[in-house]
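Trainee: Could you take me through one part of this structure slowly? I would like a close look at a helix pair and the chain contact it belongs to.

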There are 2 protein chains.
Amino acid sequence: MKLNRKTFLKGLAIGTISLPVALRALMSTGHAQDNSDSGTISSKKYNWKMVTTWPPNFPILGEACQLYADLVNQMSGGRIEIRVYGGGELVPALEAFDAVRSGAAEIGSGASYYWAGKAPAAQFFASVPFGMNAQQLNAWIYGGGGLKLWEELYRDFGLVPMAGGNTGVQMGGWFNREINSLDDLKGLKMRIPGLGGKVLEKAGGAPVLLAGGEIYTGLERGVIDATEWLGPFHDSMMGFQDIAKYYYTPGWHEPGTALEFFLNKGQYDRLPADLKAITRSAAGHVNVWCLSMMEAKNAEALVRLREKGTDIRAFSKEMLEQLRLYTEEVISEITEKDPFAKKVYESYDAFRKKASDYADITERPFYESIQII
Amino acid sequence: MKLNRKTFLKGLAIGTISLPVALRALMSTGHAQDNSDSGTISSKKYNWKMVTTWPPNFPILGEACQLYADLVNQMSGGRIEIRVYGGGELVPALEAFDAVRSGAAEIGSGASYYWAGKAPAAQFFASVPFGMNAQQLNAWIYGGGGLKLWEELYRDFGLVPMAGGNTGVQMGGWFNREINSLDDLKGLKMRIPGLGGKVLEKAGGAPVLLAGGEIYTGLERGVIDATEWLGPFHDSMMGFQDIAKYYYTPGWHEPGTALEFFLNKGQYDRLPADLKAITRSAAGHVNVWCLSMMEAKNAEALVRLREKGTDIRAFSKEMLEQLRLYTEEVISEITEKDPFAKKVYESYDAFRKKASDYADITERPFYESIQII
C-alpha cells in the first residue's frame, strides 16, 4: 500500500462528492447475459457492479470489496465478474443502498448503520455504543439468530445482507484537550457520527458532521476540537497525530463495526445454486480476512505512533459508565418508536449479556492476565 | 443437536479406536474421474475423502468439517464431493495427517499441534500456552506472515494447510481440589496434553494421557484429579459438572486453538483454478463460522452451568505468571533443537507482542470497562 496522506485525502474527497450519474441509464446495463447451459454447470455470465460506501481503493475496507470480487470471479470460473466502484464513482457513497435496491447495481458494500434513516433496526447489525465486539457480533449473526433478523429486515428492501468484515474495537478519537471527566465533554465540538454523536449530545457535547476529506483541516483550524475515525492504521494515514494532542481509548462508540455486502434480492434469487453459495461463502471468507488485516495493520501502526511519541490516554471508567447510561437512553428512544428495532435490539442485547458473562471467564482474563508481555 | 452424554462418549470412544483399515486398498479409489471439459468450466468430478481427528459428528468441530464439505459441494456445482469421516472411521484420528500425505484421503481436518512429533513447528499454528487468542492468531495467519510459514512447513509433507476454525479461549479445567497456588499443582494428576502438559510437569504436576472417552470415568474414580477439555458447551456434554468440584478459568494452556484443513498437495495442484479458490475460500468461511458457534454455544452452556451452581474459580495471577515462565522454558527447549520451529516462533512471538500492545488500548479496555452488564 503506497498511499500518502495527500492521495489518501484526495480519494476521500472523491468518495464524498456526488457525481452526476443518471441511475436510470445504469439500470439498462450490466445484467445477466443469457448464454446456453452446458451440463450441470450453467455457463451463464453475469457482469455485476458493486457500489460501495468507501472511498476508491480505501485501505482494507475497500480492498475487502476487491477481494470479494476476485474470489467470486475465481470461484465461478469467470461467470460472475464484479466491477467495484468507490463511493462517488458511480453513485454517491450513501446512495449505494438505493442503487442496489433499484437494480442499478447488483451488489453493495457498506456498514448497516448508514441506513438507519430508512430502517432504525439496521444500525444494530453494524455497531452499538457499549455493545458487542467483532467476535461477539459474529457469534450473534451466525449462531445467535442475528442473520435471520437481518435478512428479514433487508427483505423488505429487496436486498440480501451478508456479514463481510469488521473493524475490531475502534479508538476513542483525537482530542486537543484533556478529557478527564464528563465536564470536559461539555461544549466539545467533535466529529462523531451516528449513535455515538447522539450520546455525546446528551453529555453536553456538540457532534459535528464532517465528511472524511474535511476532518483534517477542520481539526487543524479549530472548527472541531476532536474527531474519531477508525484505529491507528487509518488514523495515522489521515495525519491526525500531527495536529492533535491526545489519542484516547477505547472507542466506546464503535466496539467492533460490522461491514456488510448487500445483494439485489431479485438478482440473487435468480442465480443458480452454485453461484448463490459462492456469493455467500466469499462474504464469510472476507469477513475473517478483513478483521485480521485490521488487527495486523493497526498493531503495526501503533508501534510507529508510539515511536513518534503519540500521547495515548484512557477515558475514565466513571465517564464511560455515564456515557453507557446515556447510550441506554438513546437506544430506548429508537426502540420505543420502531417495533422491529425493538425486536432486533432485544435479541442483540440478550445475546450480548450472555456473551459478556462468558467473556468474563475467557477473553477478559486472557487479556488481563495472560497477555502480559 | 440432540446428543446426551452417553451417545457423545460412545462417539468419542469410536474416535480413538484404530479400525483395521488397509491404507493401500484405499489408495486405489476415490480420485478424480476424468470427464471431458465443456467450455471454460471443467466438468471433471472429484470424489474426496476427508479424514478428521474429531469423533464422528463431534459438535461444532465435526460439524465444521461437514459444513466445509457442503460448501465445496454447493460451490462446485457437485464437482467435488467430500465424504467426511470421524476419527477411527477410516483411519485412526491421529493418522489423518499421514493418510492425506499418502493420498489415501484427499483432505484432513485437525489441529496442527497433533503433528508436533513430526514437525515441532507445527504446534505454533494451533495453540501456544500464554500465546495468542483467536483474533490475534488469525491476524498473524492472514496478515502477519503466519500462513506463508505454515505452507512452507507443510509443503515438505506434501500438504497444503488452511486455517479452518478456532475454539476461542478455552477453560482451565475441572478440579477436585482448590488450586490457590503453584504448590497445589504439585503431584496433581491432570489430563492435559501437549505443551500445557509439559508446563504442568515443570510445576511438579503429573500430566496424564487419556483419550476423550476415558476421561469421565478416570475423574470419577480418582485415576486423575483434574482434566481440561474445551469450554462450557463441550465440557458440560461430558458431564464433568457432576463429578468435579471446581471449574477453573482461564485456559492458559490453550488461549485460542486454531483448527485446520490440510489437502494433499498433488491433488490440490491438479485442481482447476476455480476449484482451488473454492477449497480455500470455504476454509475461510468455516473459520469464522466455527469460532462464532463456539462463542454462541459456550455462552448458552455457561448460563446452564451457573444455574446448576457450578463453582467457577480463577487461577491467581501469581500462579499464571509462574506458569508463563515455565512455558518460556518449554518453548526454548523446542526452538533450540529445531531451526524451523525457531523461525516460526520468532515470527509468532514478534507478532504476539505487537498484537498484545494493540489489545491493551482496544480489546482489553473493551472487556474491562465497556462490557459491564
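Mentor: Happily; here is a walk through the helix pair, then the contact between the chains, then a sheet. This is a predicted model, in which local features need pLDDT of at least 70 and side-chain atom pairs count only at pLDDT 80 or more, while totals for chains, interfaces and linings use all residues. Residues are numbered from 1 along each chain as its sequence is written, with chains lettered from A and ligands numbered from 1 in the order in which they are written.

Let us start with the helices. Helices (H or I, at least four residues) and strands (E, at least two) are DSSP runs, numbered from the N terminus. In chain B, helix H3 (residues 61–75) packs against helix H11 (residues 273–307) at an angle of about 140 degrees, and their axes are 9 Å apart. Axes here are lines fitted to C-alpha atoms, for helices over the stretch in contact, and angles run from 0 to 180 degrees between N-to-C directions. H3(B) is therefore oblique to H11(B); angles under 35 degrees count as roughly parallel, over 145 as roughly antiparallel, 65 to 115 as roughly perpendicular and the rest as oblique.

Which residues meet? On the H3(B) side they are Ala64(B), Leu67(B), Tyr68(B), Leu71(B), Val72(B) and Met75(B), and among their partners in H11(B) are Ile278(B), Ala282(B), Val286(B) and Trp289(B). Two residues are in contact if their C-beta atoms, placed from the backbone, lie within 7 Å. By class, this helix contact has twelve nonpolar, two polar and no charged residues. Ala, Val, Leu, Ile, Met, Phe, Trp, Tyr, Cys and Pro count as nonpolar, Asp, Glu, Lys and Arg as charged, and the others, Gly among them, as polar.

Now for the contact between the chains, which takes 71 residues from chain B and 71 residues from chain A. On the chain B side, H3 and H11 are among the elements that each supply at least two residues. H11(B) gives the largest share, 22 residues. That side of chain B divides into 34 nonpolar, 26 polar and eleven charged residues.

Last comes the sheet. Six strands of chain B form an open sheet in the order S7-S6-S8-S5-S9-S11, with mixed pairing; two strands pair if DSSP finds at least two bridges between them. S7 (206–208) and S11 stand at the edges with a single partner strand each, so one side of each has no neighbour in the sheet.
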